[in-house]
Amino acid sequence: MITEELKIYCKNTEEYIDVDGGDTLAGIYATLHGRLQMVPLCALVNNQEEDLCYRIYRPHMVEYLDIGSKAGYAAYVRSMCMILYKAITELFPGSRLMVEHSIAGGLYCTFKHEAVIPKPAIEALKRRMREIVDADLPFVRRERLTADVIDMFDKQGLKDKVRLLKSINRLYTVYYKLGDVIDSFSGPLVPSTGLIQVFDIVPYHDGMLVLPPDGTNPSQPAKKINQPKLLQAFTDHIEFNKIIGLGDVGTLNKVVQDGNAPMLINVAEALHNQAFAKIAEEIAKRYQKGGARCVLIAGPSSSGKTTSSKRLAIQLVTKHIRPKVIELDNYFVDREHTPRDEKGDFDYESLYALDLKQFNHDITALLAGEEVPMPTYNFSTGAREYRGNTLRLEQNDILLMEGIHGLNPELTKQIPDNQKFRVFVSALSTLNIDDHNWIDTYDARLLRRIVRDNRYRGINAQQTLSRWASVRRGEEKWIMPFSENADAMFNSSLLFELAVLKSYAEPLLRQVPVNKPEFAEADRLLKFLSYFEPLDVHNIPSTSLIREFLGGSAFHYS
């Protein structure tokens with residue numbers, strides 16, 4: 001029975017709609033069909049992500065989301081992964097799907113404990129997935145006592161999910177059923193397989209690349225991007241994870257709960273030290289042959305570039321090489337000449353916010369042994385100034401520069417390639433929630449940034465979240481396309497860091513008001529962090545890269 005009291009506010013149509021108690025979001029949408037020029041995949045209910053089987057029993061604000069939204073796209077990709085999992089259980093019942101990470105335009109997947117996925121197997125999986133899509137089977141959402149779900153997952157052989165659920169002590173657990181298989185995911189799925197029309201699977205390395213819709217043209221699958229260096233950076237760390245027996249959050253939680261975290265921290269930090277030493281050794285070898293006098297360090301936001309440059313500098317000194325640091329920000333053009341973004345704001349992330357001509361002139365002169373007057377950018381006046389500072393490269397000196405454009409050839413187009421050594425730094429998380437739920441490297445960096453912005457810049461989580469989409473667009477335009485130009489890649493992630501960030505980030509995320517659009521992302525991140533057992537910071541050394549975000553670092557940050 002329709003009552004005056006039971007209404008929802010549909011944000012899409014900007015109106016109140018009468019509903020029956022118990023109506024699903026899918027059913028309500030059916031009454032609006034034709035008025036919404038979209039196919040919803042999930043929805044926000046009071047700014048919280050829900051699937052379309054969610055039932056309405058009291059007034060809510062509802063916003064239907066399609067594939068053009070971040071949440072809708074994520075629901076699509078998760079649903080695609082469950083279809084793949086079902087196809088594998090049917091065609092290769094002894095094989096275990098491992099969704100390792102997002103790379104090369106898609107999701108890199110392997111068969112756990114198997115070296116290679118044969119090409120005919122990939123083709124067979126693609127055909128079977130298409131059949132499942134054409135059958136338009138429902139993704140059935142269920143919620144039961146966690147003890148019962150653990151038993152079901154155990155019978156299905158999903159030991160990784162059993163480990164996770166045993167470590168987080170939840171009373172009830174949500175799972176999805178597709179035919180005769182069950183699975184759990186870090187967010188909602190779409191209503192049925194028939195909505196997953198656009199996808200592709202192609203061989204990649206030893207596994208397969210599952211390609212979702214292209215972000216700019218959802219009617220077509222994304223195109224494979226060859227990223228062999230980035231893949232190798234992931235692979236090296238995954239092999240390390242296997243050696244120490246830690247690849248998912250359930251195992252990490254057990255380590256923390258058993259009091260073994262200090263050893264894990266020491267091992268992870270030693271791996272970073274080893275990586276910096278290896279990069280320094282490569283630079284030294286080139287330097288001794290007359291090259292690599294200009295080291296460029298680049299990476300996306302909150303990747304830890306600053307600490308990486310400082311720790312690499314220490315390693316270079318042990319090789320009898322003295323780094324001379326140049327801050328790229330000092331080469332900003334005067335403010336009136338700064339490019340503007342699509343909103344008309346100054347775009348300091350643009351390559352052309354830098355005076356490329358002057359920068360190349362100065363670097364060329366330095367490499368030629370000249371003494372060069374060095375600029376200082378005055379952020380108050382928006383003008384570049386010369387205050388009498390000069391620089392000359394002496395014997396055993398090299399230039400060390402850290403900035404987002406370091407791998408872009410246009411930045412240093414007048415510098416001979418043999419004089420450049422380029423390092424790409426990013427937090428490439430190789431820890432998975434479980435075998436079918438990967439951790440997005442963007443989430444790890446976003447949490448780092450939320451904590452750092454609040455601690456050092458007085459910026460609250462809502463403000464950081466509101467700016468993140470713009471930051472990501474800048475990265476995709478100015479940084480990520482050039483990652484394969486790197487001579488070395490440094491993975492700045494630490495296996496334990498999300499367990500540490502949890503205690504810092506959760507209070508900040510809880511302060512985001514529910515009536516603000518950023519609440520949806522804050523709520524999603526809180527649910528993500530709920531998987532982790534918190535880890536105290538006191539065992540983390542002052543030289544750790546994560547200290548750049550938490551505080552207590554031995555390094556000075558301007």
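In the predicted model, Ser 426 lies in strand β20, which covers residues 420-426. Ser 426 has a relative accessible area of 4% and is therefore buried, the cut-off being under 20%. Residues up to four places away in sequence aside, Ser 426 touches Pro 300, Ser 303 and Arg 445. Its other contacts are Phe 490, Asn 491, Ser 492 and Ser 493.

Strand β20 belongs to an open sheet of five strands. The order is β16-β19-β15-β20-β23, and the pairing is parallel. Strands β16 and β23 (488-491) form the edges, and each pairs on one side only. Neighbouring strands are turned by 25 degrees against each other on average, direction ignored. Within the sheet, β15 (residues 294-298) and β19 (residues 397-402) run parallel and are joined by four bridges. Cys 294 stands opposite Leu 399 of β19.

Two helices pack on this sheet. Helix α8 (residues 261-288) touches β15, β19, β20 and β23. The direction of α8 makes about 165 degrees with that of β23. Helix α9 (residues 305-318) touches β15, β16, β19, β20 and β23. The direction of α9 makes about 165 degrees with that of β19.

Ser 350 is a second buried serine. Its place is in the loop between β16 (322-327) and α10 (356-367). Its relative accessibility is 4%, so Ser 350 counts as buried. Neighbours within four places in sequence aside, Ser 350 is in contact with Pro 339, His 405 and Trp 478. Ser 350 and His 405 are 55 residues apart in sequence. In space, their C-alpha atoms are 8.7 Å apart.

Arg 445, a contact of Ser 426, also takes part in a helix pair. Helix α11 (residues 441-457) packs against helix α12 (residues 461-478) at an angle of about 135 degrees. Their axes are 10 Å apart. The two helices are therefore oblique to each other, and their crossing is right-handed. On the α11 side, the contact is made by Tyr 442, Arg 445, Leu 446, Arg 449, Ile 450 and Asp 453. On the α12 side, Ala 461, Thr 464, Leu 465, Trp 468, Val 471, Arg 472, Glu 475 and Glu 476 take part. The contact residues divide into seven nonpolar, one polar and six charged. In an α-helix, residues three or four places apart point the same way, because there are 3.6 residues a turn.

Helices α5 and α7 form another pair. Helix α5 (residues 159-168) and helix α7 (residues 249-257) pack at an angle of about 40 degrees, with axes 7 Å apart. They are therefore oblique to each other. Here the crossing is left-handed. From α5, the contact uses Arg 163, Leu 164, Ser 167 and Ile 168. From α7, the contact uses Val 249, Gly 250, Thr 251, Asn 253 and Gln 257. Three of these contact residues are nonpolar, five polar and one charged.

Helix α5 is mostly covered, with seven of its 10 residues buried. The buried residues are Asp 160, Lys 161, Val 162, Leu 164, Leu 165, Ser 167 and Ile 168. The elements that cover them include α4 (146-155), β11 (172-178), β12 (181-183) and α7. Strands β21 (432-434) and β22 (437-438) are also among the covering elements. Just after α5, Asn 169 takes a positive phi of about 55 degrees.

A further open sheet is formed by four strands in the order β8-β9-β14-β13, with antiparallel pairing. Strands β8 (96-103) and β13 (200-204) stand at the edges. Each has a single partner strand, so one side of each is left without a neighbour in the sheet. The twist averages 30 degrees from one strand to the next. Seven bridges join β8 to β9 (residues 106-112), and these two strands run antiparallel. His 101 stands opposite Tyr 108 of β9.

This sheet also carries two helices. Helix α2 (residues 70-91) lies across β8, β9, β13 and β14 (207-211). Helix α2 runs at about 150 degrees to β8. Helix α3 (residues 119-134) packs on the sheet and touches β9, β13 and β14. The direction of α3 makes about 170 degrees with that of β13.

Terms used: Residues are numbered from 1 along each chain as its sequence is written. This is a predicted model: local features need pLDDT of at least 70, side-chain atom pairs count only at pLDDT 80 or more; totals for chains, interfaces and linings use all residues. Side-chain values use heavy atoms; hydrogens and water are left out. Axes are lines fitted to C-alpha atoms, for helices over the stretch in contact, and angles run from 0 to 180 degrees between N-to-C directions. Angles under 35 degrees count as roughly parallel, over 145 as roughly antiparallel, 65 to 115 as roughly perpendicular and the rest as oblique. A crossing is left-handed if the near helix is turned anticlockwise from the far one by less than a right angle, and right-handed if clockwise. Contact means heavy atoms within 4.5 Å. Ala, Val, Leu, Ile, Met, Phe, Trp, Tyr, Cys and Pro count as nonpolar, Asp, Glu, Lys and Arg as charged, and the others, Gly among them, as polar. Two strands pair if DSSP finds at least two bridges between them. Buried means under 20% relative accessible area, exposed over 50%, partly exposed in between (1.4 Å probe, protein chains only).
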